[in-house]
Amino acid sequence: MSYLVIPRIRVQNANAQPAWWMIGPPPMTAYAGFSHALTLALGWEKCAGFGVVHHDIQFLGEFEGEGTFLPHQFRAASLIDKGDYSSKNQYALSSQPSARCHLNVSLVIKKDEDDAVDVESAFPRFMRGARLAGGSVVAHGKASLQDNLEAVIKYLKTGHAIYERQDLMEMHEGERDMLDVVLRLTDPQLRYEAWNKLQSADHNKPDDAGEDSHSWLMPSPLGYLAISPFQNRKNVRGGLPHAFAEPLVGMVQYRTLRHAGIPIWKAINPDAKTFLVTTSN
């Protein structure tokens, strides 16, 4: 196995609302889609796996009071017949909540030995019009083939690899559902207590576990679950069967390359209604 490394991908105006009820960096499902599209453009049979190294993010908005984030709202011009205005207020233009960000990440694509990499034509042609999480790719570093993940880390030098932390998704006494678990793990007042409770348990904890191990722990959509039957519907892209779905949110952790490797994610379908990206076997 070897790895195709695309360093310092700069993305402008990417989606920062990965689920309808949360604001954060683009989800792992977005990276899975980007990796899949890239491998198809290169003529590979499939995407064998991918890793993500985060460098920087800038949320487009303003902070008010004690850290309250107010995302900038983008909207287009109104129609001449004002058909897109609120029916209850003639002066209020109807719009959907949105949040955007600028992003700087590196992508690591797992490569089968039989897959060729056309760095002279296919790769730059794909990257010129590429989009990641709805944002435009405006620049990237020189792509490189590396023999192993240790060589990838030396090539990238800095950044935070994204780890899956499904081992933390366990309910404690008094918690009613998994949302309580997410809130506990992301509340700065509760994270240290949560970590101390994990010290004596047999979990797949990071090797450099410490009291600040959750400082970059956050929820992220790791897949989708169909909530309606697959069927043909009007105006569906490509005429493919369509189903409504909800995001499956789990926990991820951003860990510095100095203390960790780069986990490889893959896309799987555990059943006909579920799509997941995971580092688990």
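Five helices and 13 strands make up the secondary structure of this protein chain, and the model is a predicted one. The chain has 281 residues, and 41% of them count as buried. Two pockets and one helix get a closer look below.

**The chain overall**
- Take the contacts between residues at least 6 apart in sequence: 72% of them join residues at least 24 apart.
- The accessible surface adds up to about 16,400 Å², and carbon and sulfur atoms account for 50% of that.

**The largest pocket**
- Its volume is about 960 Å³.
- The lining runs to 35 residues, and Thr29, Gly33, Tyr224, Ala245 and Phe275 sit closest to the centre.
- Which element gives the most to this lining? That's H1, with five residues.
- Helix H1 spans 28-41, and it shares the job with strands E10 (217-226), E11 (245-256), E12 (266-271) and E13 (274-278), each of these elements supplying at least two lining residues.
- Sorted by class, the lining of the largest pocket comes out as 23 nonpolar, eight polar and four charged residues.

**The second largest pocket**
- This one has a volume of about 550 Å³.
- Its lining consists of 19 residues, with Ile23, Gly24, Pro25, Phe59 and Met218 nearest the centre.
- Strand E2 (50-59), helix H4 (178-186) and E10 are the elements that put two or more residues into the lining of the second largest pocket.
- E10 therefore turns up twice: it supplies at least two residues to the lining of the largest pocket, and two or more to that of the second largest.
- As for chemistry, the lining of the second largest pocket has 15 nonpolar and four polar residues, and no charged ones.

**Helix H3, inside and out**
- H3 covers residues 149-156, and Leu149, Val152 and Leu156 are buried there.
- Why do the buried residues of H3 line one face of the helix? Looking down the axis of H3, they fall within an arc of 50°, so they end up along one face.
- The general background is that an α-helix has 3.6 residues a turn, so residues three or four places apart point the same way.
- Flip to the other side of H3 and you find Glu150 and Lys154, both exposed.
- What lies over the buried residues of H3? The cover includes strands E1 (2-15), E2, E5 (100-111) and E8 (144-146).
- E2 is another element with two roles: it is part of the cover over the buried residues of H3, and it gives two or more residues to the lining of the second largest pocket.

Definitions and conventions: Residues numbered from 1 in each chain as written. Predicted model: local features only at pLDDT ≥ 70, side-chain atom pairs only at ≥ 80, totals over all residues. Heavy atoms only, no water. 1 Å grid on protein atoms, 1.4 Å probe; cavity = no way out; pocket = protein on both sides within 12 Å on 5 of 7 lines; lining within 4 Å. Points joined across faces, edges and corners; volume = space filled by probe spheres on them. Helix = DSSP H or I, 4+ residues; strand = E, 2+ residues; numbered from the N terminus. Nonpolar A, V, L, I, M, F, W, Y, C, P; charged D, E, K, R; others polar. Buried < 20%, exposed > 50% of the residue type's maximum accessible area, 1.4 Å probe, protein only. Contact = heavy atoms within 4.5 Å. Areas by Shrake-Rupley, 256 points an atom, 1.4 Å probe, with all protein chains shown as cover. Arc of directions from axis to C-beta.
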